[in-house]
Structure formats: C-alpha cells, structure tokens
Amino acid sequence: MIPREKLAKVRDRFEAVQAEMNEDLSRDRFVALSKEFAELQPVADAALELEEARSAEADAREMLNDPEMAEMAREELNELSGQLVELERNMQLLLLPKDAADELNVILEVRGGTGGDEAALFAGDLYRMYERYAQLNGWKVEPISMSAGDVGGFKEVTASVRGKGVFAKLKFESGVHRVQRIPSTESGGRIHTSAATVAVLPEPEEVDIQIEDKDIRIDVFRASGAGGQHVNTTDSAVRVTHLPTGIVVQQQDEKSQHKNKAKALQILRARIYDAERARADKERADNRKGQVGSGDRSERIRTYNFPQGRVSDHRINLTLHKLDKIIAGDGLDELIDALVAEDQAGRLAALGEESDP
C-alpha cells in the first residue's frame, strides 16, 4: 500500500506548481512549470481518487458495526476492494521513476544482416513497418541516409523520427530481427533465414550533448555510389570521428558538405548519448532482474515466420499469429504494448524488493 505521506507530497507539489504559475514569471520559468504541471496533473488526480476510495472503505468498515447498515456496508466493501487494487496499481505505475529519454525523438537505424539480398529486402520491410507505425502515431519520419539493396530494400537506412513519446514506444525495438520465408528468387520453394539489425537511439537536445571542436576530427572526401560512379564531383562527403570515444559517423547523401556535416553531427550526438546510457545501464544491471532484454544490439529479439504467419518476441515469450498486420505496421502496437507492460511489471517487482526490509 502506498503511504498517505507519499500521496500528500504529490498533491502538495502539484498545488505549489499551480500557485506559482499564477505569479509574474519569466518565460523560461513558466515553460518549465507548465511541463511539470502537465506531468504532475494525472498523478495528482490519481492520488486524490485513491484517497477518496480509501476514505470510502474506512467509512464502510465503520458501518459494519451498525446492524441496520451492515449488509449495505458489505456490498460497498466488496465493490471497493477491486477498485482499490486497480487504483493502487495505477498509482504505483504513475510513481515509477521516469526514463529521462522517453520523451525524446529518435535516430532509427535499420541494417540488413546475414542473408544477402533477402536481408536487404527484409530491412526494407522493417523500415516501412516503422514508417507506417510512426504515421499511425502522428510522428514525422525524415530519412537521413539510405543505401539501397541490389534487388530492393536497404543495405542500411537511417532516419529521424520525431513526435510525442517516440523513444518510450520504440526503445524495445533495438536488436536482431530474424525472418523466415521463401525468397521470390527461390525456385525450389525452400525457406531461407536472414536477419536485420535495428538500433533505436534517443536523440538528445544539443544542450544535453555538447561536442567541442577539439574532440572531433572531420575528413572530407568525394562521395561515390555503386559501381564506382561518382555521386558528384566535389569533396562533399564527410567523416566525423569523435576522439574521446572513437565513434565514427560518415555521411554522403547530400550534395552539400555543410548538410552532410550537420547530419553526421546529429547522428554522432545520438550515438554518444546512447553510449553513455548503455554504460549507466550496465552499472545498474545487477539490480534490474526484471529488465526486458539486455538492450544489446546483437541480441536476437524477434522472429517473423512468413510460412506460419506468426511473429515471436523471444524476450517475453509472446507469439502472435498476425504477421501481415504487424509487418504492415498496423498490428505493431500489440507487441510494443506487451513489452511496455512487461517492463513495468519488472520494475514494480524490483521496487517491491527494494522496499522489503
């Protein structure tokens, strides 16, 4: 049971923020308070609802002592018991520590892995799945770089995905996605297995990750396409090396060196931020037994079996027989919601273990 003092603190802070917003404030302070107000309001509302239900339960227990009211009290207590369990759980979820990156935009990277042409085709399928899913969520997808496969799809593709709560939804998609299907080029009808790797990197604000000139080396060179054909005749391609971490980003899709450099730095910031998060996660790993997956890019997380029309997520042992809807993006929510719920359950369990004496 969540202590009353904790609920009171939430309401007190919410009321304090509300009161301060009515004062004469600077624009920056008002924006900061507005954001906190929006985050606190559902928590404060839930706290009030829980307190009211607890008071109603206490009143009903008092009524049990009155023979004339006892039957009515028992009925009310029966109704309140289920309601209280639901309200307590909802409140626990709202009080879980937030992932600071959940509201960030992301850099999405999809790369064909083992499987040659078929892997590139599958990488294209995955990218279109995320494009459609983004569209359904009202997010904006902007391609940053693309390397087409020889027969279609992508050898690799990188894009920016912007919108509300993008990382919170997509963060469990990082890892190896495996496909089992009969390639269109296979005359014998044999099932082939290939794979693609997905990386979802939270995109920090420039103020969060500042890259100093002394920490990077920039090399420019002439961009070239397939078959040695020059994309253009100027040194517009850019390779940025972050000296402290050794992270290297290369960008050549744009004809402008300036645009290629800007895109490379955008990706570099995301990779540095992601590396820092991974290091912090590793330090806490021993305390996160309920974590969904390791977050390791080499971890095989999901299999898409076309002959059987099923998708299996290996981290939560969930199999759905609706591959067509999922690969089209329309059914991806069911998988993502299950992963989010499993993560929440694991974190609640870990929180319970920490609070035990």
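This presentation describes the fold, the helix packing, the nonpolar cores and a few individual residues of one protein model.

Good morning, colleagues. I should state at the outset that the model is predicted.

I begin with the overall architecture. The protein has 357 residues, and 40% of them count as buried. Its secondary structure comprises 8 helices and 11 strands. If we take the contacts with a separation of 6 or more, 60% of them join residues that are 24 or more positions apart.

I turn now to the helices at the start of the chain. Two packed helices are described by the angle between their axes and the distance between the axes. Helix 1 covers residues 4-21 and helix 2 covers residues 27-63; their axes come within 8 Å of one another and cross at roughly 140 degrees. Helix 1 is therefore oblique to helix 2. An angle must be over 145 degrees to count as roughly antiparallel. As to handedness, helix 1 and helix 2 cross in the left-handed sense. The contact between these two helices is made by 14 nonpolar, 3 polar and 8 charged residues.

Helix 2 also packs against helix 3, which spans residues 70-95. Here the angle is about 155 degrees and the axes lie 9 Å apart. Helix 2 is therefore roughly antiparallel to helix 3. This crossing, of helix 2 with helix 3, is left-handed. Sorted by class, the residues in the contact of helix 2 with helix 3 are 19 nonpolar, 1 polar and 6 charged.

Let us move to the interior. Which residues touch the most other members of the largest nonpolar core? They are L126, L170 and Y304, in a core of 51 residues. Helix 4, residues 116-136, supplies the largest share of this core, with 8 residues. Leaving aside residues up to four places away in sequence, L126 touches V110, H177, A196, V198, Y304 and I327. There is also a second, separate core, which has 18 residues; among them are I2, V17, A47 and L87.

I should now like to consider some individual positions, starting with P183. This proline is in the loop between strand 4, residues 175-181, and strand 5. Is P183 buried or exposed? Its relative accessibility is 8%, so P183 counts as buried, the limit for that class being under 20%. Beyond residues up to four places away in sequence, P183 touches E118, R190 and H192. In the case of E118, the two residues are 65 positions apart along the chain, and their C-alpha atoms are separated by 6.8 Å.

Q210 is a loop residue as well, placed between strand 5, residues 192-203, and strand 6, residues 216-221. Q210 is exposed, with a relative accessible area of 64%. The C-alpha atom of Q210 is separated by 7.9 Å from that of R269, a residue 59 places away along the chain.

Within strand 6 we find I218. I218 has a relative accessible area of 35% and is partly exposed. If residues up to four places away in sequence are not counted, I218 touches V238, R239, V240 and K261. Between the C-alpha atoms of I218 and Q250 there is a separation of 9.7 Å, with these positions 32 residues apart in chain numbering.

My last two positions are neighbours in the sequence. N317 belongs to the loop that runs between strand 10, residues 310-313, and strand 11, residues 318-320. What is notable about the phi angle of N317? Phi is near 50 degrees, which is a positive value in a residue other than glycine. N317 is exposed, and its relative accessible area is 72%.

L318, by contrast, is in strand 11. With a relative accessibility of 23%, L318 counts as partly exposed. Apart from residues up to four places away in sequence, L318 touches V311, S312, D313, L335 and A338. The C-alpha atoms of L318 and R302 are separated by 9.5 Å, and the two residues are 16 apart along the chain.

To close, I would draw your attention again to two features. Helix 2 packs with helix 3 at about 155 degrees, and the largest nonpolar core takes its largest share of residues from helix 4. Thank you for your attention.

Definitions and conventions
Residues numbered from 1 in each chain as written. Predicted model: local features only at pLDDT ≥ 70, side-chain atom pairs only at ≥ 80, totals over all residues. Heavy atoms only, no water. Axes fitted to C-alpha atoms, helices over the stretch in contact; angles between N-to-C directions. Helix = DSSP H or I, 4+ residues; strand = E, 2+ residues; numbered from the N terminus. Parallel < 35°, antiparallel > 145°, perpendicular 65-115°, else oblique. Left-handed = near helix turned anticlockwise from the far one by under 90°. Nonpolar A, V, L, I, M, F, W, Y, C, P; charged D, E, K, R; others polar. Buried < 20%, exposed > 50% of the residue type's maximum accessible area, 1.4 Å probe, protein only. Core = buried A, V, L, I, M, F, W, Y, C linked by side-chain atoms within 4.5 Å. Contact = heavy atoms within 4.5 Å.
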